[in-house]
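Visitor: Please take me through one part of this model in close detail. I should like the account to begin with the chain as a whole and then to settle on a single element and its surroundings.

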Amino acid sequence: HSKFIVSKPFMDDELILVCGSEHPFRDKKSVTVDELSGVNFILREKGSGTRELFESTMISKGIDLNVNWTCNSAEAIKNAVISNMGVSVISKMLVNNELKNGRLFHIKIDKVEFKRKFNIIYHRNKYISKPISEFWDLCLSLNKR
């Protein structure tokens with residue numbers, strides 16, 4: 001959030017609601033935003049893009065969140081949800097394996113999607129070396145696959 005930062009779109013991402021095997025949401029295909037009120041959430045730390053997108057969307061829907069635990073580690077969040085300590089909204093890319101092996105469950109939220117775009121960012125006065133430029137090109141080419 002600075003006028004000195006240059007931002008280049010890199011790849012699309014989606015945040016999803018996940019729960020563990022013993023959570024009451026487990027057998028639901030979807031929930032309403034009202035059903036999220038009072039649910040124990042495990043979220044990223046304040047200032048993270050994930051939390052910012054989720055909270056701003058929920059605030060716009062008039063939902064008060066019960067943030068039970070805050071953590072800056074996606075692995076710790078996944079493990080806490082798998083252990084049925086609460087639910088979380090997390091990048092789908094980070095939980096693909098857990099969804100496939102049945103350790104986590106994706107629950108859709110009616111009429112809500114959390115789409116975002118990752119960006120390569122840098123200070124506008126930063127010298128861009130050849131290795132940095134080549135790395136960015138590699139990242140962008142991998143995303144086009």
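Guide: The account that follows starts with the overall fold, turns to one helix and its surroundings, and ends with the largest pocket.

The model is a predicted one. Its protein chain holds four helices and seven strands, and these follow one another along the sequence as β-β-β-α-β-α-β-α-β-β-α. The C-alpha trace extends over about 50 × 35 × 25 Å along its principal axes. Of the 145 residues in the chain, 37% are buried. Among contacts with a separation of 6 or more, 77% join residues 24 or more positions apart.

The element chosen for the close look is helix α2, which runs over residues 74-82. Its buried residues are A74, I77, K78, A80, V81 and I82; a lysine, K78, is thus one of the buried set. What do these buried residues of α2 pack against? Their partners are four strands, β1, β3 (40-44), β4 (66-71) and β5, together with helix α3 (92-100).

Beyond the helix, the chain comes to N84, which follows α2 and has a positive phi, near 65 degrees. That positive value occurs here in a residue other than glycine. N84 belongs to the loop that joins α2 to β5. With a relative accessible area of 28%, N84 lies between the limits of 20% and 50% and is therefore classed as partly exposed.

K111 offers a second case of positive phi in a residue other than glycine, with a value near 60 degrees. K111 sits in another loop, the one between β6 (105-109) and β7. Is K111 buried or exposed? Its relative accessible area is 83%, so K111 passes the limit of 50% and counts as exposed.

The loop that contains N84 leads to β5, one of the elements against which the buried residues of α2 pack. Strand β5 covers residues 88-91 and includes S91. S91 has a relative accessibility of 4%, which is why it counts as buried. The side chain of this buried serine makes a polar contact, at 2.8 Å, with the side chain of D13. Where are the other contacts of S91, apart from residues up to four places away in sequence? In addition to D13, S91 touches E14, L15 and R116.

A further part of these surroundings is the loop between β2 (30-31) and β3, where V39 is placed. V39 is buried because its relative accessibility is 10%, under the limit of 20%. When neighbours within four places in sequence are set aside, V39 is in contact with H23, F25, N66 and V87. The C-alpha atom of V39 is separated by 15 Å from that of S21, a residue 18 positions away along the chain.

Strands β1 and β4, which also pack against α2, bring the cysteines into view. The number of disulfides is zero. C19 takes part in none, since the nearest cysteine sulfur, that of C71, is 19 Å away and a disulfide requires sulfur atoms within 2.5 Å. C71 likewise is in no disulfide, the sulfur of C19 being its nearest at 19 Å. Each cysteine is nevertheless classed as buried: C19 because its relative accessibility is 0%, and C71 because its value is 11%.

The last feature is the largest pocket, which has a volume of about 380 Å³. Its lining is made up of 14 residues. Those nearest the centre of the pocket are H1, G49, E52, K117 and N119. Which elements supply at least two residues of the lining? They are β1 (5-19), α1 (49-60) and β7 (114-123). The largest contribution comes from β7, with five residues. By class, the lining consists of seven polar, four nonpolar and three charged residues. Strand β1 thus has two roles in this account: it supplies residues to the pocket lining, and the buried residues of α2 pack against it.

Definitions and conventions. Residues numbered from 1 in each chain as written. Predicted model: local features only at pLDDT ≥ 70, side-chain atom pairs only at ≥ 80, totals over all residues. Heavy atoms only, no water. Buried < 20%, exposed > 50% of the residue type's maximum accessible area, 1.4 Å probe, protein only. Polar contact = N/O pair within 3.5 Å; in protein donor to acceptor, adjacent residues only side chain to side chain. Contact = heavy atoms within 4.5 Å. 1 Å grid on protein atoms, 1.4 Å probe; cavity = no way out; pocket = protein on both sides within 12 Å on 5 of 7 lines; lining within 4 Å. Points joined across faces, edges and corners; volume = space filled by probe spheres on them. Nonpolar A, V, L, I, M, F, W, Y, C, P; charged D, E, K, R; others polar.
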